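Work through the two exercises below. Try each task before reading its solution.

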Amino acid sequence: MMVTGPSAGLGALPRPVAAVMSAGGALGAAHVGLGHALEQRGFLPDMVVGTSVGALNGSIVAAHPGTAAPWLDQVWTRLNRREVFPLRSRSARAAVFADRGLRRLIAQAGLPSRIEELAIPFTAVATDLATGAPVPLDHGDLESALLASAAIPGMLPPVERGGRRFVDGGVVAYVPVLAALKAGAASIVVVAAGPESSPLRPVEPPRRAGAVATRAGLLLLRHQIERDLQDVARQVPTVVLPTGIETWPAPWDFGKSPRLITTATRTAGRFLDGLRISGPGLYRGDDPPAGPAGPDPVSTTSPRGAGL
């Protein structure tokens, strides 16, 4: 695709603008497609904030501004579950999987050893296992920060860093927009990795115990995401890129990466080409109508209201 230069919408975002990259496991392939759409339009963030797989992908964006998406594309189209999540020995108690797969990926990514050495200011968000607080990791050793941010509880081992024990930042900051705001962002572009790129749709209530528990957990997560988005959107322009993906694979299924990348690239590109910014608000192309006098549900020319 021919590079078209910054779109009117992206070019109108107040600086500094943060690229915020969400959690999502194997769904992080959608980050790559959204990254293609942004890079094709000449977009470069002033800072990158990521959680879990968003921190891993985000560190690549911060290390290779403007050229990260093609590199990530090659990585994601070759990944498999065993490479990323190798089983630990039976005697291990802290997690089901070892983190040596993630360590190997980090080592192959051409990253500096310290966060301060990245080309773009970068923050990985992790969760303090003792207090439950989200913790921005924006300086010091990069590998331990990425491992801490991606330490899925029970799946990957917690990470000791600076005398504290950390697990996955997605526990409390699945889409870390609040961390970006605290870091000084004047506008935010959310690079989503899953269904959180659009509002949660009503469904027929499930009846089986497992399905009820799954739905309740999803509601808890999605309400956290929406609350944070709405809070930030009251203060700064907050753009949530749509992925266009309706059927999502399991978070550990890397075999669907090519589909996720292609669909997200195409959908986000159309959205960005129609984007117009007019002050603080939540800009999300596939929101439902804001009300009887609200904008069209597919319009990207005006922000959505910040109320739930």
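**Exercise 1. Which side chains of strand β4 are buried, and which are not?**

Step 1. Locate β4 at residues 134-137; strands are DSSP runs (E, at least two residues; helices are H or I, at least four), numbered from the N terminus. The model is predicted, with local features needing pLDDT of at least 70, side-chain atom pairs 80 or more, and totals for chains, interfaces and linings using all residues. Residues count from 1 along each chain as its sequence is written, and side-chain values use heavy atoms, without hydrogens and water.

Step 2. Split the faces. Val135 and Leu137 point to one face and are buried (under 20% relative accessible area, 1.4 Å probe, protein chains only). Pro134 and Pro136 point to the other face and are not buried.

Step 3. Find the partner strand. β3 (residues 122-128) runs antiparallel to β4, with four bridges joining them. Buried Val135 is the bridge partner of Ala126.

Step 4. Close the hairpin. Five residues separate β3 and β4. In the turn, Gly132 has a positive phi of about 80°.

**Exercise 2. What lines the largest cavity?**

Step 1. Get its volume: about 180 Å³. A cavity is a set of 1 Å grid points, over the protein atoms alone, where a 1.4 Å probe fits but cannot get out; lining residues have an atom within 4 Å of a point. Points join across faces, edges and corners, and the volume is the space filled by probe spheres set on them.

Step 2. Name the lining. It has 17 residues, and Met21, Gly35, Leu38, Glu39 and Val61 are the closest to the centre.

Step 3. Assign elements. β1 (17-21), α2 (29-40) and α4 (68-76) each give two or more residues. The largest share, five residues, comes from α2.

Key:
1 Å grid on protein atoms, 1.4 Å probe; cavity = no way out; pocket = protein on both sides within 12 Å on 5 of 7 lines; lining within 4 Å. Buried < 20%, exposed > 50% of the residue type's maximum accessible area, 1.4 Å probe, protein only. Pairing = 2+ DSSP bridges.
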